[in-house]
Amino acid sequence: MAKQTVADVLVETLVEWGVDTVFGLPGDGVNGIIEAFRTRQDEISFIQVRHEETAAFAACGYAKYTGKLGVCVATSGPGAIHLMNGLYDAKLDGVPVLAITGMQFHDLISTRTQQDVEIDRTFADVADYNARCMGPAHMRNVANMACRQALAYSQVAHITTPVDIQSMEVDEDERSKRNVAGHNTSLLSRSARLPDEDDMKAAADIINEAKKPLILAGRGALGQGDRLEAVAEKIGAPICKALLGKAAVPDDSPYTTGPVGLLGTEPSQDALEETDCLIIVGSSWPYIEFYPQPGQARCIQIDLDPARIGLRYPTDVGLIGDSGGVLDALLPLLQEREPKPFLETAQKSMSKWWERMEERGTRQDKPMKPQVVSWELGKRLRDDAIVSCDSGTIATWWARQIYVKKGQMHSLSGNLATMAPDLPYSLAAQVHHPDRQVIAFVGDGGFSMLMADFVTAVKYKLPIKVVIINNDSLGMIKWEQMVFLGNPEFVCDNAHIDFHLVAEAMGGKGFHCDDPAKICDKLDAFLAHDGPAILNCDVDTHEAPMPPHLSLEDARQMAKAMAKGTPERGKIARTLGGNLVREIV
Ligand SMILES: Cc1ncc(C[n+]2csc(CCOP(=O)(O)OP(=O)(O)O)c2C)c(N)n1
Ligand SMILES: [Mg+2]
């Protein structure tokens, strides 16, 4: 029987750690590893993508949507370098991803040979565990370490192996004397992790004394909706949500005020400005300027990671542990509050907010408004939908108008806020959940970056649905240039792409809509299609994502940008002015 190679040991270790899918693209720097995947294709699927950045984003999305280890594979030099952005996405959002790369022949490294990039040095910052496999007996140890560390700490791990070493046969005799065979194990152990009892009591006292408690739910609160609502009900607290916590409670929950921040709702912003007790559950939402003013509120923060306590807001008590267990333990210590004026005020303004969202979402103007697409899409999504969004104004339409239903999953690149992950996330979601509805909601700029990988959905028969909000613009940046700096927009207009034709060229189904009167029928046909499809929606390029509260400074900068010669300023002014008049009058 053929002896095992180093690459066999690597792939065998992945299987032991429960990895069933990897995303990657072969190359001569990983051919030995690819052979080990070929011989184990019954145990582990290799999804071949068209760009390694897709592989890394897909690994990140896989980890986000499954809780399992996401794995990506790339060749030496350029292939590995292409992984970088997706790996930082995983690092910054704290999800477990393992990158597997190759290097040149071990005796040519650092000799200016072709593709001579020492990838372990390149990845020194992004990978928390980062190993260069030095020989056959080394692989079992490092592969085990990489999987364990990535999963245990939700980190990025990386193993690179010179190409000749990948195919070397493993011979037990090659072990060093101190490397005892069979000394390690593929076992991940978890702890229930509950905070100190005194801390729990101190936290409960602060909450019980508060008049206007507010819960901020992040990604660490996902799956804890019932517990969040139980706490919110007892103490009369609204629940606002960071983008990564969008699915923590459904939007029909009577407690939620929806998203926070620039893309958020007015009721969330009002609650943040008025609260006297902020309860942060599993969030390190980075926009400090939208938190209560330091000193305004006392703060309880629940997080798995002690290093995040007090990161964004001065925390009075940190409760370290799984959010579910901590909320369960906290609930009996909290006093029932009646009446609940802070919550009731938020509920009243929330029903007005939804009226405003419906008004924006049902306008019949042409060019079609982007909010019309997100509103009608949200209404039609199934309870099992997995929705991935992208960076841009697109995230505003998703955050506000796509109404989360119980059972759905939603994500995007939260802390890296990179463009382009939503197609790869969707591929990963559909690979793992073949029967769920999988939606990518993306702008023309973000989609065009990695659009070649729509063909990956066609190749693997993944019936993902891609909704493109096509405003022929890097819209978010155009508004930022004007509103933040008071400068005219520059280099933000995109050449038009008929993405529905791109879908057809790749063997998928293309749908197109530019008419609000037809969007409902188009969406119905698109969502009912049984294969991968793109719905290309041509929308008004001048529709701005309005902040929850428009400040005088925003208006002043906008006027300055217009005066300095923003292209199409007449149309922009009419669109903005029309929106303001409609909503104020
Ligand atoms: C990789 C990357 N490059 C650039 C940016 C800066 N950026 C953020 S949003 C955005 C525009 C996105 O355009 P599009 O996808 O068309 O969405 P829109 O804003 O038009 O809705 C840009 C360039 C980024 N976040 N990530
Ligand atoms: Mg755009």
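How far apart do the C-alpha centres of domain 1 and domain 3 lie? The answer is 33 Å. This is a predicted model. The domain assignment splits the protein chain into domain 1 (6-174), domain 2 (197-347) and domain 3 (362-584). The points below cover the meeting of domains 1 and 3, three helix pairs, the surroundings of ligand 1 and some backbone details.

**Where domain 1 meets domain 3**

- In this contact, 20 residues of domain 1 touch 23 residues of domain 3.
- On the domain 1 side, α3 (52-66) and α5 (84-93) each supply at least two residues.
- Helix α3 gives the largest share of that side, with 10 residues.
- By class, the domain 1 side has nine nonpolar, six polar and five charged residues.

**Helices α3 and α5**

- The axes of α3 and α5 are 6 Å apart, and the two helices pack at an angle of about 20°.
- Angles under 35 degrees count as roughly parallel, so α3 is roughly parallel to α5.
- The crossing of these two helices, α3 and α5, is right-handed.
- From α3, the contact uses E53, A56, F57, A59, C60 and A63.
- From α5, the contact uses N85, G86, L87, D89 and A90.
- The contact of α3 with α5 counts seven nonpolar, two polar and two charged residues.

**Helices α3 and α16**

- Helix α3 also packs with α16, at an angle of about 50° and with the axes 7 Å apart.
- Helices α3 and α16 are therefore oblique to each other.
- Here too the crossing is right-handed, as α3 passes α16.
- On α3, the residues in this contact are T54, F57, A58, G61, Y62, Y65 and T66.
- On α16, they are P424, Y425, L427, A428, A429 and H432.
- Which classes make up the contact of α3 with α16? There are nine nonpolar and four polar residues, and no charged residues.
- F57 of α3 is listed in the contact with α5, and F57 is listed again in the contact with α16.

**Helices α10 and α12**

- Helix α10 covers residues 225-235, and its axis comes within 10 Å of the axis of α12.
- The axes of α10 and α12 cross at roughly 30°.
- That angle makes α10 roughly parallel to α12.
- Is the crossing of α10 and α12 left-handed or right-handed? The crossing of α10 and α12 is left-handed.
- R227, L228 and V231 in α10 meet four residues in α12: G324, L327, D328 and L330.
- The contact of α10 with α12 divides into four nonpolar, one polar and two charged residues.

**Around ligand 1**

- There are 19 residues around ligand 1.
- Which of them come nearest? They are G392, G443, G445, G446 and G475.
- Three helices give two or more residues each to this shell: α15 (393-401), α17 (444-449) and α19 (475-483).
- By class, the shell around ligand 1 holds seven nonpolar, 10 polar and two charged residues.

**Backbone details**

- A cis peptide bond joins E338 and P339, with omega about 0°.
- P339 sits in the loop between α12 (323-330) and α13 (341-361).
- Another cis peptide bond runs from K366 to P367, with omega near 0°.
- P367 is in the loop between α13 and α14 (370-380).
- A417 is not a glycine, although its phi is positive, at about 50°.
- Where does A417 lie? A417 is in the loop between β14 (409-411) and α16 (422-432).

Note on methods. Residues numbered from 1 in each chain as written. Chains lettered and ligands numbered in written order. Predicted model: local features only at pLDDT ≥ 70, side-chain atom pairs only at ≥ 80, totals over all residues. Domains from an automatic or database assignment. Contact = placed C-beta atoms within 7 Å. Nonpolar A, V, L, I, M, F, W, Y, C, P; charged D, E, K, R; others polar. Near = placed C-beta within 6 Å. Axes fitted to C-alpha atoms, helices over the stretch in contact; angles between N-to-C directions. Parallel < 35°, antiparallel > 145°, perpendicular 65-115°, else oblique. Left-handed = near helix turned anticlockwise from the far one by under 90°.
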